[in-house]
Amino acid sequence: MESSNPLKKNTPRNFNRTRNEYQTLFEESPCYITVQDRDLKLLKYNREFEQVFAPEPGDYCFKAYKGRSEKCPDCPVSKTFEDGQPHVSEEQAVTKDGIKTYWLVKTSPIRDEKGEVIAAMEMSLDLTHLKLLEKKAKNSEEKYRIIFDTIPNPVFVLDGLTLKILDCNNNVTPVYGFGKRELLNQSFLDLFLAKDREDMAVQIRNSKVINRVKQARKDSQIIYVNIRISTSEYLGQPVFLVTTSDITMRLLAEQQLIQSSKMATLGEMATGIAHELNQPLSVIKTASSFIGRKMGRKETVDPETLRTLAEEMDTHVDRAEKIINHMREFGRKSDVAKERVQINNVLRRAAAFFKQQLKLREIEVVEDLDEHLPAVLADPNRLEQVFVNLLINARDAIEKKGEQRTGKDEGRRITLKTRAEDGTVTIEVTDTGTGIPKALLDKIFEPFFTTKKLGKGTGLGLSISYGIVQDYDGTIEVASKEGEGATFIIRFPGMDEA
């Protein structure tokens, strides 16, 4: 039976058809194709090559492609003639239109019936577009690398799984003391204190911002940083892009300012503290005078009376010592570390400072404290400073109203209230003083702003309180009507029970 495939019929007609088909494929192929002899003269070429390079009759390959007068130093066609094997290379040249082009070259030997290489076919695929894209990508990469390296803060690229440092910019060195090469492939967690690393690993994976974190330089010096975290992709893998800001010097300045404010507060409280100490000292003085008089008259004191006097003196010495220790503790320089704090305890300690002087000024302190508050993460000494500042302002507002005799008479009262709602701890300090004019409500937290007379206030108390509250992820605001008092409202995120 005859084959149904007409190409298999060995007839002149089918042969011519097959030849025409291959000739069409040769001419219309979307790449450059040439056939060259051993001298690299062009024997044949397709339409694509002719349109781009416009060869003249008898041209050599190197002349048509590159305008050269001699063959290229590393010619793949010559290699094919030498060993009879295909070869590949990447070439570049300028077209007749002056356009720089790139192409991938592959050669193949053409053999006669004896197997001798009589010509070589060269096929070139235009890579110009890809090269331009590659160049743009490289330029873009270089541009962003320059930006990356010149960002004034340390920037780290962390492996999304292991938190190893895959890349970092040059500004890690002035902040951390390590050279860039020293940090690559090291864990970012190694920059934290050993006791904090486990917790920091969790925070880095789950937070966008981590503030006031301790890290260690190469020389073991402790620094404080704020950390900003975002997710990204690097070399095809998920990463964390981490930027740190060294806030050590700023914190030192803040600490000095806070300490100065504490000293000013203690100065303002001096009269009240003197009254607090006066009572136990008076009791001790009375008891010691009684004993002294008895001894001077050579009279005996019965044991029961002597025991009572000794106990009374001992009790009031303890009271005086407690007041002095409280002053010393309040006046000490606070750390920026955080711990679990029970707000009610801190609020009561702050109120204890004013107990006697408020009583003498006939100002009532009302406590409405929720005894089931969750703890907050803060420093108790710094929080006490916030509450002391608010109590001083409340006291002064009530005193001022008494002097002016304006507004509604709601008594002389400071109310301290705490409550917990939806995981938030809220503290309210309310007074029945003069209130704050509406026009001033937006200014009271600004540094050095004060409505008190010259010499009566620094204007730093509320500003510093605002900063301290923010440091512990809290908020502070005020609600007030002029002549009807004011309420300062502080909110902190509560901690889950451990």
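Reader: What makes helix α13 mostly covered rather than mostly open?

Author: In this predicted model, 18 of the 25 residues of α13 are buried, and a residue is called buried when its relative accessible area is under 20%.

Reader: How do you know that the span of α13 agrees with its number of residues?

Author: Helix α13 covers residues 380–404, and at 1.5 Å a residue its 25 residues should span 36 Å; the C-alpha atoms at its ends are 36 Å apart, so the two values agree.

Reader: What makes Asp379 a cap of α13, and at which end?

Author: A side-chain oxygen of Asp379 lies 3.2 Å from the backbone nitrogen of Asn381, at the N-terminal end of the helix. A polar contact requires N or O atoms within 3.5 Å, and the 3.2 Å of this pair falls within that limit.

Reader: Why are β12 and β16 called edge strands?

Author: They belong to an open sheet of five strands with mixed pairing, in the order β12-β14-β15-β17-β16. Both β12 (364–368) and β16 (475–480) have a single partner strand, so one side of each is left without a neighbour in the sheet. On average, and with direction ignored, neighbouring strands of this sheet are turned by 15° against each other.

Reader: How do you know that β15 and β17 pair, and which residues stand opposite each other?

Author: Two strands count as paired if at least two bridges are found between them, and eight bridges join β15 (residues 424–431) to β17 (residues 486–493), the two running antiparallel. As one example of facing residues, Thr426 stands opposite Arg491 in β17.

Reader: Which helix lies across strands of this sheet, and at what angle to β14 does the helix run?

Author: Helix α12 (residues 343–360) lies across β12, β14 (413–421), β15 and β17, and its direction is at about 175° to β14. Angles here run from 0 to 180 degrees between N-to-C directions, so a value of about 175° means that α12 and β14 point in nearly opposite directions.

Reader: What makes β7 and β8 the edge strands of the other five-stranded sheet?

Author: This open sheet has the order β7-β6-β10-β9-β8 with antiparallel pairing, and β7 (165–168) and β8 (209–216) each pair on one side only. The twist from one strand to the next averages 35°.

Reader: How do you know that β6, β10, β9 and β8 are joined to their neighbours in that order?

Author: Each pairing can be set against the requirement of at least two bridges. Strand β6 (residues 155–159) pairs with β10 (residues 237–246) over five bridges, with Thr243 of β10 as the bridge partner of Val155. Between β9 and β10 there are 10 bridges, and here Ser230 stands opposite Leu241. Strands β8 and β9 (residues 222–234) pair over six bridges, Ala216 having Ile222 as its bridge partner.

Reader: What is notable about phi in the hairpin turn between β8 and β9?

Author: The hairpin of β8 and β9 has five residues between the strands, and Ser220 in its turn has a positive phi of about 75°. Most residues other than glycine have a negative phi, whereas Ser220 is a residue other than glycine with a positive value. In the hairpin of β9 and β10, with two residues between the strands, Leu235 likewise takes a positive phi, near 50°.

Reader: Why is Ser220 called exposed while Arg212 is called buried?

Author: Ser220 has a relative accessible area of 56%, and because exposed means over 50%, it counts as exposed. Arg212, which lies in strand β8, has 12% relative accessibility, and because this is under 20%, Arg212 counts as buried. Arg212 also has a positive phi, of about 55°, although it is not a glycine.

Reader: Why is Gly84 called buried, and where is its place?

Author: Gly84 is in the loop between α4 (76–83) and β3 (88–94), and its relative accessibility of 9% is under 20%, so Gly84 counts as buried. Beyond its neighbours within four places in sequence, Gly84 is in contact with Lys79, Pro109, Arg111 and Val117. Its phi is positive, near 70°.

Reader: Which elements do the buried residues of α4 pack against?

Author: The buried residues of α4 are Pro76, Val77, Ser78, Thr80 and Phe81, and they pack against β1 (32–36), β3, β4 (100–111) and β5 (117–126).

Terms used
Residues numbered from 1 in each chain as written. Predicted model: local features only at pLDDT ≥ 70, side-chain atom pairs only at ≥ 80, totals over all residues. Heavy atoms only, no water. Helix = DSSP H or I, 4+ residues; strand = E, 2+ residues; numbered from the N terminus. Expected span 1.5 Å × (residues − 1). Buried < 20%, exposed > 50% of the residue type's maximum accessible area, 1.4 Å probe, protein only. Polar contact = N/O pair within 3.5 Å; in protein donor to acceptor, adjacent residues only side chain to side chain. Contact = heavy atoms within 4.5 Å.
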